[in-house]
Amino acid sequence: MSKVPPIILNNGVEMPQLGFGVWQVPDDEAETAVATALQAGYRSIDTAAIYGNEKGTGKAIAASGLPREELFVTTKLWNANQGYDATLSAFDESLGKLGLDYVDLYLIHWPLPSKDTYVDTYKAFEKIYADGRAKAIGVSNFLPEHLDRLTGETSIIPAVNQIELHPHLQQHASREKHAELGIATEAWSPLGQGKGLLEVPAIVAIAQKHGRTPAQVVLRWHVQLGNVVIPKSVTPSRIAENIDVFGFELDPEDLGAISALNEDRRLGPNPAEFDVA
Ligand SMILES: NC(=O)c1ccc[n+]([C@@H]2O[C@H](COP(=O)([O-])OP(=O)(O)OC[C@H]3O[C@@H](n4cnc5c(N)ncnc54)[C@H](OP(=O)(O)O)[C@@H]3O)[C@@H](O)[C@H]2O)c1
């Protein structure tokens, strides 16, 4: 059984609040990393067509012997395949690589506002959802203005918006928009990609106070905010460490100190401009 509590998406589907991200894990290493994560108790896996590791992820899922309904698998449509028909073909390809007959969550990876195709793309997502081949559909890297347009021109409110979010980029405007629309906030690069953020003195001090690691403090902060988190690691000890965040609580003073670290500083591209296909 998973140690991770679920959040309830806007269509009633349960999603584990903490999952395992596999960006930058080569396909031949993904099988081992995902297997390690499943053994450690993760039940949610976040991949994407562009990561090139849907096959390795699928192999680990098949080899785990876990019942399909206990797993929550997310993949994402890559930018080059936006548009109604291209989306339907790309989805078939992703399912084939994963070796699954449905995914739990399918996301539009980037809005690509300069291409102006995300509304048509999402209409294909609505068909995939209606056909039962994705239990929930959503978006990634959508700014509030993209969500306003999308929800104005399509029928199904996205279940999730997966955005860059960590203590240096706290995304207040997006989180408010998500709350207004009933969209779950999922944080990518939740550990700030594991670099400077985990050495910030305020975070190190909170970790010492609780007898925890800086990564656990940052992940716990996300959990208490209500974010879904998907930390990535290929290191078995860190994979175990990152899921072990449900046995302690940050107090208001800790939360205030982490809130004060916001710098609105992105590690990844600005979705208003990113248009790589
Ligand atoms: N939708 C999008 O556009 C988008 C963009 C980026 C990421 N994502 C998703 O979000 C997931 C997570 O983001 P991310 O991979 O960018 O970054 P992250 O999870 O914030 O950080 C991963 C990095 O931190 C290190 N790390 C992990 N746990 C640690 C720990 N306990 N202590 C110290 N260092 C630790 C990892 O090293 P080792 O692996 O060497 O242990 C890795 O270098 C991705 O894998 C992907 O699924 C989505």
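Contact here means heavy atoms within 4.5 Å of each other, and the exercises below, which concern a predicted model, use the word in that sense.

**Exercise 1. Find the contacts of L147, name the element that holds this residue, and decide whether L147 is buried or exposed.**

Solution. Begin with the element: L147 belongs to helix α5, which covers residues 144–153. Next, set aside the neighbours within four places in sequence, and the contacts of L147 are V139, F142, N161, K177, H178, L181 and I183. For one of these partners, I183, the separation along the sequence is 36 residues, while the C-alpha atoms of L147 and I183 are 9.8 Å apart. Finally, compare the relative accessible area with the cut-off: buried means under 20%, and L147 has 0%, so it is buried.

**Exercise 2. Work out whether the radius of gyration of the protein chain agrees with that of a compact globule, and describe the chain as a whole.**

Solution. For 277 residues, a compact globule would have a radius of gyration near 19 Å, and because the protein chain has 18 Å, the two agree. The box filled by the C-alpha atoms, taken along the principal axes, is roughly 55 × 40 × 35 Å. Turning to the interior, 52% of the 277 residues count as buried. If one then takes the contacts between residues at least 6 apart in sequence, 74% of them join residues at least 24 apart. The accessible surface comes to about 11,400 Å², and carbon and sulfur atoms account for 51% of that area. As for charge, the chain carries 23 positive and 36 negative charges, whose mean positions are 3 Å apart.

**Exercise 3. State the order of the strands in the open sheet of eight strands, and explain which strands stand at the edges.**

Solution. The protein chain has ten helices and ten strands. In the open sheet of eight strands, the order is β3-β4-β5-β6-β7-β8-β9-β10, and the pairing is parallel. The edges are formed by β3 (20–21) and β10 (228–229), each of which has a single partner strand, so one side of each lacks a neighbour in the sheet. As background, strands of a sheet pair through backbone hydrogen bonds, in either a parallel or an antiparallel sense. Within this sheet, β5 (residues 72–77) pairs with β6 (residues 105–108) in the parallel sense over four bridges, and T74 stands opposite L105 in β6. Both faces of β6 are covered, since L105 and L107 on one side, and Y106 and I108 on the other, are all buried.

**Exercise 4. Trace the surroundings of two polar residues, S44 and N227, and determine whether each is buried or exposed.**

Solution. Start with S44, which lies in strand β4 (residues 44–46). With a relative accessible area of 2%, S44 is buried. Not counting residues up to four places away in sequence, S44 touches P16, L18, G19, F20 and F72; for G19, which is 25 residues away along the chain, the C-alpha separation from S44 is 4.5 Å. Continue with N227, located in the loop between α8 (214–225) and β10. This residue is also buried, at a relative accessible area of 1%, and, with residues up to four places away again left out, N227 touches Q17, L165, R175, T185 and H222.

**Exercise 5. Give the phi values of Q24 and D116, and classify the exposure of each residue.**

Solution. The expectation to keep in mind is that most residues other than glycine have a negative phi. Q24, which is not a glycine, has a positive phi near 70°, and D116, likewise not a glycine, has a positive phi of about 55°. Both residues are in loops: Q24 lies between β3 and α1 (27–40), and D116 lies between β6 and α4 (118–130). For the last step, exposed means over 50% relative accessible area; Q24, at 58%, therefore counts as exposed, whereas D116, at 47%, is partly exposed.

Technical notes:
Residues are numbered from 1 along each chain as its sequence is written. This is a predicted model: local features need pLDDT of at least 70, side-chain atom pairs count only at pLDDT 80 or more; totals for chains, interfaces and linings use all residues. Side-chain values use heavy atoms; hydrogens and water are left out. Helices (H or I, at least four residues) and strands (E, at least two) are DSSP runs, numbered from the N terminus. The radius of gyration is taken over C-alpha atoms; the globule rule is 2.2 Å times the number of residues to the power 0.38. Buried means under 20% relative accessible area, exposed over 50%, partly exposed in between (1.4 Å probe, protein chains only). Accessible areas come from the Shrake-Rupley method with a 1.4 Å probe; for residues, only the protein chains shown count as cover. Lys and Arg count as positive and Asp and Glu as negative; His and the chain ends are not counted. The place of a charge is taken as NZ of Lys, CZ of Arg, CG of Asp or CD of Glu. Two strands pair if DSSP finds at least two bridges between them.
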